[in-house]
Amino acid sequence: MPRVGRKEQILEKASGLFSRKGYHATTIRDISEASGILSGSLYAHIQSKEDLLFEITDRGAEHFLQSVRPIVEGEGDVVTKLRKAMIAHVRVIADHLEAATVFFHEWRSLTNERSACIQRKRDKYEGLWSQLLEEGMREGSFRSLDEKFTRLLILSAMNGLYQWYQPAGELTPEEVAERFATILLTGLDYREEVAGREHSG
């Protein structure tokens with residue numbers, strides 16, 4: 001098998017193991033056995049188990065950035081951009097469920113500069129969502145809101161996808177994102193809720 005192909009296979013197996021067992025509970029032997037090679041041969045492709053964790057999480061960070069940045073920085077009305085950005089984010093998770101699990105759960109296991117590198121990329125990514133929300137408020141498309149908590153709410157809702165989304169389920173990633181976006185943009189009609197409770201009482 002070509003060297004590039006073997007490295008991709010190792011990364012794929014490591015993603016699966018890290019997502020199921022956790023980074024610290026996964027051994028080099030686990031990875032080598034899953035990849036069908038001897039432990040010693042694994043070091044022809046990596047220097048340490050952390051190399052794999054960093055590459056998986058770094059790729060995840062880049063997938064998010066490269067998918068959403070062109071939408072946020074591109075032309076178009078902000079509501080459409082928000083919907084497209086949510087679809088792009090959900091699509092990254094749905095297309096890489098195991099790697100997404102590792103990205104969300106295990107990146108803090110990285111040491112020193114590697115951890116700082118991922119944190120910088122996460123900050124850049126959150127900054128894109130802040131930019132999008134601020135644009136909407138500035139233009140009057142979104143009402144004045146708490147940008148930080150709105151951003152946290154949006155990302156938290158979408159990031160939880162890896163825990164329950166089934167690729168063989170009835171909804172596509174785009175349909176899931178559209179439902180999230182519709183709820184976000186429409187909001188809960190609190191007045192109807194209150195009126196309903198008063199009427200039933």
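This passage walks through the fold, the core and a handful of individual residues in a predicted model.

Start with the overall picture. The protein chain is built from eleven helices, with zero strands. Reading along the sequence simply gives α-α-α-α-α-α-α-α-α-α-α. Measured out along the principal axes, the C-alpha atoms of the protein chain fill a box of roughly 70 × 40 × 30 Å. The protein chain has 201 residues, and 42% of them count as buried. As for how the contacts are spread over the sequence, take those in the protein chain with a separation of 6 or more: 69% of them come from residues 24 or more positions apart.

On to the interior. Nonpolar side chains tend to be buried together in soluble globular proteins. Here, the largest nonpolar core takes in 54 residues. Within that core, the residues with the most contacts are Phe18, Ile31, Leu52, Val68, Tyr125 and Trp129. Tyr125 is a handy one to follow up. Setting aside residues up to four places away in sequence, Tyr125 touches Phe64, Leu65, Val68, His89 and Leu155. Val68 is itself on the list of residues with the most contacts inside the core, while His89 and Leu155 turn up again where α5 meets α8.

That helix pair deserves its own look. Helix α5 covers residues 78-95 and helix α8 covers residues 147-159; the two pack at an angle of about 35 degrees, and their axes are 10 Å apart. The crossing itself is right-handed. On the α5 side the contact is made by Met86, His89, Val90 and Ile93, and on the α8 side by Ile154, Leu155, Met158 and Asn159. Sorted by class, the residues of this contact come out as six nonpolar, two polar and no charged.

Helix α5 also holds Lys81. With a relative accessibility of 4%, Lys81 falls under the 20% cut-off and therefore counts as buried. Lys81 has quite a set of partners: beyond four places in sequence, Lys81 touches Ile71, Val72, Gly74, Glu75, Gly76, Leu132 and Glu135. Leu132, one of those partners, sits in helix α7, which spans residues 112-139. Leu132 has a relative accessible area of 0%, so it is buried. Besides Lys81, the contacts of Leu132 outside its sequence neighbourhood of four places take in Val72, Val78, Leu82, Ala85 and Phe142. Val78 is 54 residues away from Leu132 along the chain, yet their C-alpha atoms are separated by 7.0 Å.

Helix α7 contains Asn112 too. Its backbone is worth a note: phi of Asn112 is near 45 degrees, a positive value in a residue other than glycine. Asn112 is exposed, because its relative accessibility of 69% is over the 50% cut-off.

Next comes Asp58, in helix α4 (residues 49-72). Asp58 has a relative accessible area of 18%, and since that is under 20% it counts as buried. Leaving out residues up to four places away in sequence, Asp58 touches Cys117, Ile118 and Lys121. Asp58 and Ile118 are 60 residues apart in sequence, and their C-alpha atoms are 6.4 Å apart in space.

Glu174 belongs to helix α10, residues 173-186. At 29% relative accessibility, Glu174 is partly exposed. Its contacts, once neighbours within four places in sequence are left aside, are Ile87 and Arg91. Glu174 and Ala44 are 130 residues apart in sequence, and C-alpha to C-alpha they are 40 Å apart.

Finally, there is one annotated stretch. An unreviewed UniProt entry lists residues 27-46 under "DNA-binding region". In the model, the chain over residues 27-46 is 60% helix and 0% strand. The C-alpha atoms at the two ends of this stretch are 14 Å apart.

Note on methods. Residues numbered from 1 in each chain as written. Predicted model: local features only at pLDDT ≥ 70, side-chain atom pairs only at ≥ 80, totals over all residues. Heavy atoms only, no water. Axes fitted to C-alpha atoms, helices over the stretch in contact; angles between N-to-C directions. Helix = DSSP H or I, 4+ residues; strand = E, 2+ residues; numbered from the N terminus. Left-handed = near helix turned anticlockwise from the far one by under 90°. Contact = heavy atoms within 4.5 Å. Nonpolar A, V, L, I, M, F, W, Y, C, P; charged D, E, K, R; others polar. Core = buried A, V, L, I, M, F, W, Y, C linked by side-chain atoms within 4.5 Å. Buried < 20%, exposed > 50% of the residue type's maximum accessible area, 1.4 Å probe, protein only. UniProt positions renumbered as here; feature names shortened; annotations may be inferred.
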